[in-house]
Amino acid sequence: PPASQNNEQGSTLRDLLTTTAGKLRLGSTDAGIAFAPVYSTGAASGKSGRTMPNILDDIIASVVENKIPPNRAPKINVKSEIKDEPKDDKKGIQDDCSKRYSDIQYSWICDKHVLWLRDHKNSNNWKLFKECWKQGRPVLVSGMHKKMNFSLWKAESISLDFGNQQADILNCKDSIISNTNVKEFWDGFEDVSKRQKVKNGETALLKLKDWPSGEDFKAMMPARYEDLLKSLPLPEYCSPEGKLNLASHLPGFFVRPDLGPRLCSAYGVAATKDHDIGTTNLHIEVSDVVNILVYVGIAKGNGVLSKSGVLKKLEEEDLDDLLRKRLKDSSELPGALWHIYAGKDADKIREFLQKIAKEQGLEVLPEHDPIRDQSWYVNKKLRQRLFEEYGVKTCTVIQFLGDAIILPAGALHQV
């Protein structure tokens, strides 16, 4: 066909779809089905002009006839591809990886459910990450803070630069949101005496939620934005320009997920009397997420647990042996406690939380979804019941300074 027609058709199925998607019309076929108009030329249509196919077979036939030369046999062997698909066999995956990726420093944690990449500088990390990502498993990459300009992320530095900004601050104890000057939040970040008090005299557990985020982050904090981007783990996947970052390469007519970045800052639960609450309630991620712990503040003041007290609290958790070993390493600074669940367990967790709500005399409305509403922090007692009654095991991860936790879409977590 003439070059102009060939360009419009596109040279691959992806090009064919992207170049015609803008022309999508509903009811344009005899069957009344929405198709992107795809045109055949030459022998395929039997005419010099264009005709519109009215069934999917015609679309496929048009692509096959025009785009695959008759002397080129298809290279895809469906049976062998299916045969080679990774199985959910933890031991098999680990044995295979230990042979193929002997040049990468890594470990398996959380009952072999989470991959821990221990050397962030290794340029081959993404190859092992890919194997783990196929299984829909979380990944931990440590040491990212070593690539960053640490002075940019200190609490006093952010307060000094942006203290006069207004933002929504959430009190994690009663879920009340107030709009206030962010300097108040940062003043109390490491000094408990300067924190707000709630009605009963207790110290408020505050969270500066998603401030700033997205384009605001880039415009307000350009130096920090650049520092973050150059320090992302597994840049092949996580960088906006990464060759395997699907969201960055979607055609413009797709609605993209909110890719951030966002700054999430919160006071530590260790400084409160009630350790059965979280700063991020249980919720589900709709897109892949990477969360880097860029700063850990050490709170001072009356009633605050000492570092040894915090470590003792963390040791009471159901931790992997390697995480316990990290806790005893004086060069490591723990900052966040995560509980992670696989997406396949969402329905069981939802049913369990609705059951608990009824036990507590709470009204459970038909449209109420405890996960979507982010209304629960599942404490230790409830996590035990969840395992005993529904067989859902909690994956507990401690995030240390510089750790990047990468979660696949559909994963549930609380912090």
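Here is a walk through this structure, from the whole chain down to single residues.

Keep in mind as you look that this is a predicted model. The chain has 415 residues, and 42% of them are buried. Its secondary structure comes to 15 helices and 13 strands. Now think about which residues touch one another. Among the contacts with a separation of 6 or more, 68% are between residues 24 or more positions apart. On the outside, the accessible surface of the chain comes to about 23,400 Å², and carbon and sulfur atoms account for 52% of that area.

Let us turn to the strands. In what order do the strands of the open sheet β8-β13-β10-β11 pair, and is the pairing parallel or antiparallel? The 4 strands follow one another in just the order of that name, and their pairing is antiparallel. At the edges you will find β8, residues 283-284, and β11, residues 395-400. Each of these two has a single partner strand, so one side of each is left without a neighbour in the sheet. Further in, you can follow β10 (residues 334-341) alongside β13 (residues 412-414): the two run antiparallel and are joined by 3 bridges. If you would like a spot to look for, find Y341, which stands opposite L412 in β13.

Next, pick out one residue, I405, which lies in strand β12, residues 404-407. Is I405 buried or exposed? I405 counts as buried because its relative accessibility is 3%, and the cut-off for buried is under 20%. Which residues does I405 touch, leaving aside its neighbours within four places in sequence? The contacts of I405 are V139, L140, V289, V290, N291, W338, V397 and Q399. Another pair to compare is I405 and P233: 172 residues separate them in sequence, while their C-alpha atoms are 9.5 Å apart in space.

Finally, look at the cysteines. A disulfide is a covalent bond between the sulfur atoms of two cysteines. To count as one here, the two sulfur atoms must be within 2.5 Å. By this rule the chain has 0 disulfides. C110 shows how the rule works: the nearest cysteine sulfur belongs to C395 and is 3.1 Å away, and C110 is in no disulfide. C110 is also buried, with a relative accessible area of 11%. C238 is buried too, and its relative accessible area is 17%.

Key:
Residues numbered from 1 in each chain as written. Predicted model: local features only at pLDDT ≥ 70, side-chain atom pairs only at ≥ 80, totals over all residues. Heavy atoms only, no water. Buried < 20%, exposed > 50% of the residue type's maximum accessible area, 1.4 Å probe, protein only. Pairing = 2+ DSSP bridges. Contact = heavy atoms within 4.5 Å. Areas by Shrake-Rupley, 256 points an atom, 1.4 Å probe, with all protein chains shown as cover.
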